[in-house]
Amino acid sequence: MSKNSKLLTGPINLNNPITVQVLGICSALAVTVKLEPAIVMSISVIAVLALANVIISLLRNTIPSRIRIIVQLVVIAALVILVDQILKAYSPDVSKQLSVFVGLIITNCILMGRLEAFALGNKPWESFLDGIGNGSGYAIILIIVATVRELLGSGTLTLPAVGEIKVIPESFYQFGYENNGLMILPPMALIVVGIIIWVQRSKTRELIEEN
Amino acid sequence: MKGLLKYVEKIKPNFEKGGKYQRWGAIFESFETFLFVPGHTAPRKGAHIRDAMDSKRLMSIVVLAVVPALLFGMWNVGYQYFLSIGTDVGFWQEFGHGLYRVLPIIIVSYVAGLGTEFVFVHIKQKEIEEGFLVSGILIPLIIPVDTPLWMVAIATIFAVIIGKEVFGGTGMNIVNPALLARAFLFFAYPSKMSGDKVWVSRLAEGNGVIDGYSGATPLGQAVENGANIVDPMGHKLSTFDYFIGWIPGSIGETSALMIFIGAALLLYTGVGSWKIMFSAFAGGAVMGLLLNTFASDTNPAMAIPFYDHLLLGGFAFGMVFMATDPVTAAQTEKGKWIYGFSAGFMAILVRVLNPAYPEGVMMAILLMNVLAPLIDHYVIRANVKKRLKRIKVAKIN
């Protein structure tokens, strides 16, 4: 595997920002009740992370290391505001659902983590790939969690531009099936993420820790 | 008993290696240890503490202890049902209806739970653990009789996996699996776990229910009527009624009398800690008294006399059978006092001050389960500090 494609695929499984590095958990819990906000949030994070990585990588030789955190924050904040404004303009409903969490991308640990650990020491193209890779790793977990929670919690799946699809047929409800109210509550997101981590660790030899 | 023991000893060689029925050896062994002290609890060599008590016997005693509450619960299910449709059919038919409604729940709970355990035995390749014996009988007793069976199955599987297996199986769990199953049902399917319609068999369907009948539990009414609690027909209920337990409620929780019989067995055999039980009831009484003192019109439930609190709802059942679970309770002796007292105290606090959760017992015990290791930690630290001080004093002298 070439080095560049490793940058792209590594964070999706072996170095996943949520399940392995355990970063960015808060937003994973908050926006996964329905699928649509989770997808929009994922796209926003991928965009912000890739662009911020490129910008910081371009600036990396000119940033004095004492003020680098402030510079990183300024870059991220500018990009997040941009994303927020675009969302407000083109899909106000989703923007309302995501509410403060788009703004909180600024404090998402994945972003600071990647800028500090990768973009400050690598060339723009590699940084871009790293941003896309880590953003996708975040997106995959978010989408799995949101699918489970919406399917079992509301019996529907909501896709951007398509709208709400009823997945569980009406006849199930007539036989006494009920939506699982616990799935809509935040603790269940934590448990679903926990189960994903459990399954991933037991499937992947490299991740099993020796003790 | 002696004759039985002789008979078991006589047929034993048939089931050992090389015997006629060695294929059934495992099953014979489980029956033998259920009945008598197994001869192989600890290796005979080495510095082990040898005790006839193993986890299988421990669990069978708890199962035996809940039998009175279970039988009474079955009768009460039938009694409440025929009360709601206004016919008087006599003891056996009432018990029969209860048996008919409760038995499927018990079977589903055991099949789902043991099935999950077997899957994990297969994955982990180790011996089956007896941990589910108790949870399997406790789960049916703490849920309303009308809970759909598939919900019982899902809650049981959830409790076994998330409550127990992820932590490493029996003995490693942080919270009580049976209570976790109930908490799961309570939050996942609130419409089947709370309200006035779920506690009496088939009340929600409403077939043949007599006019003016209300299936509200005493605690459900307390939110509005305070101490002025009536039975489904409108007669006032007394402390004696709560004690005997012919009131609507979860299957096994209503009868304090039957629970105390079970508690006596647990205490006599030393399976349940008397420190936890006693301090839990003390904690509940103290909180009840406090609330009585500050009773006001804003929350009528505060006026319930403290002794009624100890008999109502799942308090007695939870504190006797759930809080004393040796795995999830505090382990240190001082810790047990703190643990039990806080559990009782919190249970009444949640029950009265948060009308959305009339069953505060569940929340309180789960909360204390989580806090138990912390309590133990500080009890041990305090002891270490005390002993260190003693050393210093000795040095100065």
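**Figure 1. Chain A from end to end.** Read along the sequence, chain A of this predicted model runs α-α-α-α-α-α-α-α-β-β-α-α,. Count the letters and you arrive at 10 helices and two strands. How does the radius of gyration of chain A compare with the globule rule? The value is 19 Å, close to the 17 Å that the rule gives for 211 residues, so chain A is as compact as a globular protein of that length. Along the principal axes, its C-alpha atoms fill a box of roughly 65 × 50 × 30 Å. Of the 211 residues in chain A, 36% are buried. Among contacts in chain A with a separation of 6 or more, 77% are between residues 24 or more positions apart.

**Figure 2. A close look at helix α3 of chain A.** This helix covers residues 35-59, which makes 25 residues. From its first C-alpha to its last, helix α3 of chain A reaches 36 Å, close to the 36 Å expected at 1.5 Å a residue. Is α3(A) mostly covered or mostly uncovered? It is mostly covered, with 18 of its 25 residues buried.

**Figure 3. A:V80, a buried valine in a helix.** Find A:V80 in helix α4 of chain A, which spans residues 68-90. Why does A:V80 count as buried? Within 10 Å there are 23 other C-beta atoms, and a residue is buried if that number is 20 or more, so A:V80 is buried. Which residues does A:V80 touch, once its neighbours within four places in sequence are left aside? The contacts are A:V48, A:V102, A:G103, A:I105 and A:I106. You can also look from A:V80 towards A:L115: these two are 35 residues apart in sequence, and their C-alpha atoms are 15 Å apart in space.

**Figure 4. A:V22 and its positive phi.** Here the view moves to the loop between α1 (3-9) and α2 (25-30) of chain A, where A:V22 has its place. Most residues other than glycine have a negative phi. A:V22 is not a glycine, yet its phi is positive, at about 50 degrees. Is A:V22 buried or exposed? It counts as exposed, because it has 12 C-beta neighbours inside 10 Å and 12 or fewer is the cut-off for exposed.

**Figure 5. Where chain A meets chain B.** In this view, eight residues of chain A are in contact with eight residues of chain B. What kinds of residues make up the side of chain A that touches chain B? They divide into four nonpolar, three polar and one charged.

**Figure 6. Two helices of chain B packed side to side.** Chain B has 16 helices and zero strands, and two of its helices are picked out here. Two packed helices are described by the angle between their axes and the distance between the axes. For helix α4 (residues 91-124) and helix α6 (residues 149-164) of chain B, the angle is about 35 degrees and the axes are 9 Å apart. The crossing of α4(B) past α6(B) is right-handed. On the α4(B) side, the contact is made by B:P104, B:I105, B:V108, B:S109, B:A112, B:G113, B:T116 and B:E117. On the α6(B) side, the partners are B:L149, B:V152, B:A153, B:T156, B:I157, B:V160 and B:I161. Sorted by type, the residues of this contact are 10 nonpolar, four polar and one charged.

**Figure 7. Helix α9 of chain B and its residue B:Q221.** Across chain B, 44% of the 397 residues are buried. In helix α9 (residues 218-225) of chain B, the buried residues include B:P218, B:L219, B:G220, B:Q221 and B:A222. Part of what covers the buried residues of α9(B) is α15 (333-353) of chain B. B:Q221 counts as buried because it has 21 C-beta neighbours inside 10 Å. Leaving aside its neighbours within four places in sequence, B:Q221 is in contact with B:A216 and B:I229. How far apart in space are the C-alpha atoms of B:Q221 and B:P300? They are separated by 9.7 Å, although the two residues lie 79 residues apart along the chain.

**Figure 8. B:S60, partly exposed.** The last view shows B:S60 in helix α3 (residues 55-84) of chain B. With 17 other C-beta atoms within 10 Å, B:S60 is partly exposed. B:S60 and B:E130 are 70 residues apart in sequence, and their C-alpha atoms are 9.5 Å apart in space.

How values were computed
Residues are numbered from 1 along each chain as its sequence is written. Chains are lettered from A and ligands numbered from 1 in the order in which they are written. This is a predicted model: local features need pLDDT of at least 70, side-chain atom pairs count only at pLDDT 80 or more; totals for chains, interfaces and linings use all residues. Axes are lines fitted to C-alpha atoms, for helices over the stretch in contact, and angles run from 0 to 180 degrees between N-to-C directions. Helices (H or I, at least four residues) and strands (E, at least two) are DSSP runs, numbered from the N terminus. A crossing is left-handed if the near helix is turned anticlockwise from the far one by less than a right angle, and right-handed if clockwise. Two residues are in contact if their C-beta atoms, placed from the backbone, lie within 7 Å. Ala, Val, Leu, Ile, Met, Phe, Trp, Tyr, Cys and Pro count as nonpolar, Asp, Glu, Lys and Arg as charged, and the others, Gly among them, as polar. The expected span of a helix is 1.5 Å times one less than its number of residues. The radius of gyration is taken over C-alpha atoms; the globule rule is 2.2 Å times the number of residues to the power 0.38.
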